[in-house]
Amino acid sequence: MKDSNFLKENNARHMWHPMGAPGDALKNAPTIITKAEGVRIFDIDGHATVDAVGGLWNVNIGYSNDAVKRAISDQLERLPYYSAFMGTSNDVAIELSYALSEFFAPDGMTRSFFTSGGSDSVETRLRLSRQYHRLRGEPTRTKFLSLKKGYHGTHFGGASVNGNARFRTAYEPLLAGCFHLPAPYTYRNPFDETDPDRLAEKIAAVMVDEIEFQDPRTIAAFIMEPILGAGGVIVPGARFMPLMREICDRYGILLISDEVITGFGRTGDWTGARHWGVKPDLMSTAKGITSGYFPLGAVMIAGRVAEVFEKDETGQAAIFHGYTYSAHPVGAAAATVCVAEMQRQKLNENAAARGRELHDGLKALAAKYDIIGDVRGGHGLMAGIEIVSDRAKKTPMDIATMKRIHKATYEAGTMVRLVGHTIVMSPPLILTSDDVGTILASLETGLAAA
Ligand SMILES: Cc1ncc(COP(=O)(O)O)c(C=O)c1O
């Protein structure tokens, strides 16, 4: 390994970073992380912080789970790779698909299709939903509905259903036939509606109007995150997702739950949809499935959808889609142990309890600091605070101040993430009450530096 001077000097010189301008990275060197333990990360200068980002919403079991590390190294010794295309399989992927069908049984999911990550999972389920309708004799159902502020990865299909211009504009034109509804975002919405249930009804009315306008027979699926993550942690009211389910059922539209963040305990329940008492038709998962120890994703398929493919008599049910790394044996070994570890440690329950503490602490900070315009979360370990320069006018805080808050918070002992003028948090689900205290104390130092 090169020494730290070499690494600092070459930091962004030869590597372009996702989600940032190459020129910016040259001017403002990215923080170099070299080590991690438990819920803490260490930078190249040895500064330790609680990782309230949890890697990238994904390190649910923390950084030091030996069982998952051992499963990966053992699998590398036994079978580092084999393809699951056309007539071959591997033992660990079979075991994982069995474990996932048990894990997701309460959500009605019976089958898995493995991918290399979240964007791959999103792309897969968009394709499967079109093929599903074709097999059922409704090939005109090709369009997708989704939510503004929703994030569904970066492939062309995912970017097309994404609801944030930042991820779209430079790459347009995107996939035709994708339409976006207002987000269940009580702090800012076109109706100036602050009551979550009334907002849900208003969005439902827009949805029905859009479906009727498009012609229900042209719509394949509606896609949503049970709690919107990258859009700034937007938590819908309890009525929202069940209402979306009702409308999808009424019009024969598939409901896809994007569980890339919310799956595997993050919301305080094992899946986000379960948290709202909804059974989707398809789910996309990734991230927490291996806690980031190995890149892997899975699309979960409900029994009633799977049946249409499995009992097909049209000869068109072959899935001509997949990835070289679909059902990767090392990823499968990591995921099988990781899912078991999360269940053994009841990380959903810890996420719920620590999430409540974090939410209460953030509300207490909001009572002290006027620059906190909105506090969001309270359902597991997903939290967001929207920072404003004028609380009455809800004026978004300028980026220079946001960067100052971020830096001071980091120096005080916690890594958080900025999504525009919102600070988002998704720490490992093994977090303790003491760690919650560290996050809140660091944030307070950061806010004081605004
Ligand atoms: C809800 C959601 N869907 C899809 C993705 C894309 O996942 P990946 O970055 O693994 O491709 C993300 C990533 O954050 C996500 O939050």
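**Strand pairing and helix packing in the predicted model**

In strand β16 (residues 422-425), side chains alternate: Thr422 and Val424 point one way, and Ile423 and Met425 the other way. All four of these residues are buried. The model is a predicted one.

Strand β16 pairs with β12 (residues 383-390). These two strands run antiparallel and are joined by 4 bridges. One bridge partnership places Ala383 with Met425 of β16. Met425 is thus named twice, as a bridge partner and as a buried residue that points the same way as Ile423.

Strand β16 also pairs with β15 (residues 417-419). The sense is again antiparallel, and 3 bridges are formed. Here Arg417 stands opposite Val424 of β16. Val424 itself is buried and points the same way as Thr422. Strands β15 and β16 form a hairpin, with 2 residues between them. In the turn, Gly420 has a positive phi of about 60°.

An open sheet of 7 strands was also found. Its order is β4-β10-β9-β8-β7-β5-β6, and its pairing is mixed. Strands β4 (109-115) and β6 (178-181) stand at the edges. Each has a single partner strand, so one side of each is left without a neighbour in the sheet. From one strand to the next, the twist averages 20°.

Within this sheet, strand β8 (residues 254-258) pairs with strand β9 (residues 282-285). The sense is parallel, over 3 bridges. Ser257 has Met283 of β9 as its bridge partner.

Helix α5 (residues 91-103) packs on the sheet. The helix touches β4 and β10 (297-302). The direction of α5 makes about 140° with that of the edge strand β4.

Helix α5 also packs against helix α12 (residues 329-344), and the two axes come within 8 Å. They cross at roughly 35°. The crossing of α5 past α12 is left-handed. On the α5 side, the contact is made by Val92, Ala93, Glu95, Leu96, Ala99 and Phe103. On the α12 side, it is made by Pro329, Ala332, Ala333, Ala335, Thr336 and Val339. The residues of this contact divide into 10 nonpolar, 1 polar and 1 charged. Helix α5 therefore has two sets of partners, namely strands β4 and β10 of the sheet and helix α12, with the pair of helices described by the angle and the distance between their axes.

Definitions and conventions: Residues numbered from 1 in each chain as written. Predicted model: local features only at pLDDT ≥ 70, side-chain atom pairs only at ≥ 80, totals over all residues. Pairing = 2+ DSSP bridges. Axes fitted to C-alpha atoms, helices over the stretch in contact; angles between N-to-C directions. Contact = placed C-beta atoms within 7 Å. Left-handed = near helix turned anticlockwise from the far one by under 90°. Nonpolar A, V, L, I, M, F, W, Y, C, P; charged D, E, K, R; others polar. Buried ≥ 20, exposed ≤ 12 C-beta atoms within 10 Å, placed from the backbone.
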